Amino acid sequence: MDPTTDNAGPTGDPDRARAALEALRAEIAKAVVGQDPAVTGLVVALLCRGHVLLEGVPGVAKTLLVRALAAALELDTKRVQFTPDLMPSDITGSLVYDARSAEFSFQPGPVFTHLLLADEINRTPPKTQSSLLEAMEERQVTVDGTPRPLPDPFLVAATQNPVEYEGTYPLPEAQLDRFLLKLTIPLPSRQDEIDVLTRHAEGFNPRDLHAAGVRPVATAADLDAARAAVAKTTVSPDITAYVVDICRATRESPSLTLGVSPRGATALLAASRAWAWLTGRDYVIPDDVKALALPTLRHRVQLRPEAEMEGVTADSVINGILTHVPVPR
């Protein structure tokens with residue numbers, strides 16, 4: 001599969017596409033234990049042409065999760081380890097002088113792929129972090145005034161350590177807003193951790209997913225068919241108003257200095273449609289909105305310092321809003 005060209009195949013059967021995407025969970029579970037919510041979030045992001053921020057302490061399989069997803073979807077993937085000395089051109093690519101032709105030619109960077117794993121994105125300074133903004137929003141990279149389109153599908157899966165960790169740079173609000181979802185990767189339960197160690201004791205190698213049995217179960221054509229079906233998912237005026245009321249409530253919360261923007265409201269609606277379709281419906285219900293509210297909104301709000309000192313979290317504020325905003329019937 002050529003990552004420099006689009007994969008716009010013919011529209012397939014949406015029911016087959018749904019079954020193929022549902023099979024991702026079982027396939028990824030061959031490599032990653034107990035991360036079904038994160039897998040679902042990544043699939044939702046692909047359906048919405050969005051990007052995902054994965055947050056968790058080191059060693060909870062964030063990188064392995066993304067690699068397993070790429071293998072199960074038969075997508076090209078590249079990984080960039082973000083470090084303090086990483087330059088924007090290390091991601092986007094640069095012009096290289098060819099002495100034989102006496103001309104400059106463009107050398108594509110790792111961003112020219114289907115699934116870009118931006119590992120520990122908050123360990124690099126804001127200048128380099130912002131080099132991804134155009135790629136994430138416009139699906140293109142401009143070098144020396146020439147725009148160069150990125151492949152389709154294109155998803156940035158960025159991992160970050162919790163911001164209180166030493167040596168991290170908080171992501172700018174403008175870049176956080178470009179991520180459709182922020183998924184928190186928790187430490188495994190005791191039984192899940194026993195399962196992980198048992199697999200390693202039996203010879204599991206996280207660097208060899210083929211040996212682990214991970215096989216492609218969905219294709220870019222399935223993804224195209226699924227996206228077309230999601231676009232036809234019905235949203236009633238009451239549901240649209242419900243999404244707006246939730247987002248407006250964040251702007252009025254006394255615990256927040258920054259509420260959800262209209263872009264965030266659009267993201268919540270899109271994610272809710274994708275989730276509704278994945279669960280087998282062609283219309284959105286309030287429970288779809290509630291299910292996607294936390295991952296879609298938690299990174300788009302900012303706590304007041306005094307609220308943060310009192311132990312208030314973005315999740316607790318959003319949960320409180322979901323409790324108080326009237327639900328359409």
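Here is a quick tour of some helix packing, cavity, pocket and backbone features in this structure. Keep in mind that the model is predicted. Three helix pairs come up below, and α1 and α2 turn up again in the lining of the largest cavity.

**Helix packing: α1 with α9**

- Helix α1 (14-28) packs on helix α9 (residues 220-231) at about 115 degrees, and the two axes sit 8 Å apart.
- Since 65 to 115 degrees counts as roughly perpendicular, that angle makes α1 roughly perpendicular to α9.
- The pair crosses in a left-handed way.
- On the α1 side, the contact uses Pro14, Arg16, Ala17, Ala20 and Leu21, while α9 brings Asp222, Ala225, Ala226 and Ala229.
- Sorted by class, that contact has 7 nonpolar residues, no polar ones and 2 charged ones.

**Helix packing: α2 with α3**

- Helix α2 (residues 36-47) and helix α3 (residues 62-73) cross at roughly 55 degrees, with axes that come within 11 Å.
- That angle makes α2 oblique to α3.
- Here the crossing is right-handed.
- Ala38, Val39, Leu42 and Leu46 from α2 touch Leu65, Leu69 and Leu73 from α3.
- The class count for this contact is 7 nonpolar, with no polar and no charged residues.

**Helix packing: α11 with α12**

- For helix α11 (residues 262-278) and helix α12 (residues 286-297), the packing angle is about 130 degrees and the axes are 9 Å apart.
- These two helices are therefore oblique to each other.
- α11 goes past α12 in a right-handed crossing.
- α11 puts Gly264, Ala267, Leu268, Ala271, Ser272, Trp275 and Ala276 into the contact, and α12 answers with Asp288, Val289, Ala291, Leu292, Ala293, Thr296 and Leu297.
- Split by class, the contact of α11 with α12 comes to 10 nonpolar, 3 polar and 1 charged.

**The cavity**

- If you go looking for enclosed space, the count is 1 cavity of 30 Å³ or more.
- The largest cavity holds about 50 Å³ of space.
- Its lining is made up of Leu21, Glu22, Arg25, Val39, Thr40, Val43 and Leu278.
- α1 and α2 are the elements that give two or more residues to that lining.
- By class, the lining of the largest cavity has 4 nonpolar, 1 polar and 2 charged residues.
- Two of the lining residues also appear in the helix contacts: Leu21 is part of the contact of α1 with α9, and Val39 is part of the contact of α2 with α3.

**The second largest pocket**

- The second largest pocket has about 560 Å³ of space.
- It is lined by 26 residues, and Gly59, Val60, Ala61, Lys62 and Leu64 are the closest to its centre.
- At least two lining residues come from each of α3, β2 (77-81) and α8 (190-201).
- The class split for this lining is 12 nonpolar, 7 polar and 7 charged.

**Backbone oddities**

- The peptide bond running from aspartate 152 to proline 153 is cis, and its omega is near 5 degrees.
- You'll find proline 153 in the loop between β7 (146-149) and β8 (155-160).
- Arginine 49 has a phi near 55 degrees, a positive value in a residue other than glycine.
- Arginine 49 belongs to the loop between α2 and β1 (52-55).

Notes. Residues numbered from 1 in each chain as written. Predicted model: local features only at pLDDT ≥ 70, side-chain atom pairs only at ≥ 80, totals over all residues. Heavy atoms only, no water. Axes fitted to C-alpha atoms, helices over the stretch in contact; angles between N-to-C directions. Helix = DSSP H or I, 4+ residues; strand = E, 2+ residues; numbered from the N terminus. Parallel < 35°, antiparallel > 145°, perpendicular 65-115°, else oblique. Left-handed = near helix turned anticlockwise from the far one by under 90°. Contact = heavy atoms within 4.5 Å. Nonpolar A, V, L, I, M, F, W, Y, C, P; charged D, E, K, R; others polar. 1 Å grid on protein atoms, 1.4 Å probe; cavity = no way out; pocket = protein on both sides within 12 Å on 5 of 7 lines; lining within 4 Å. Points joined across faces, edges and corners; volume = space filled by probe spheres on them.
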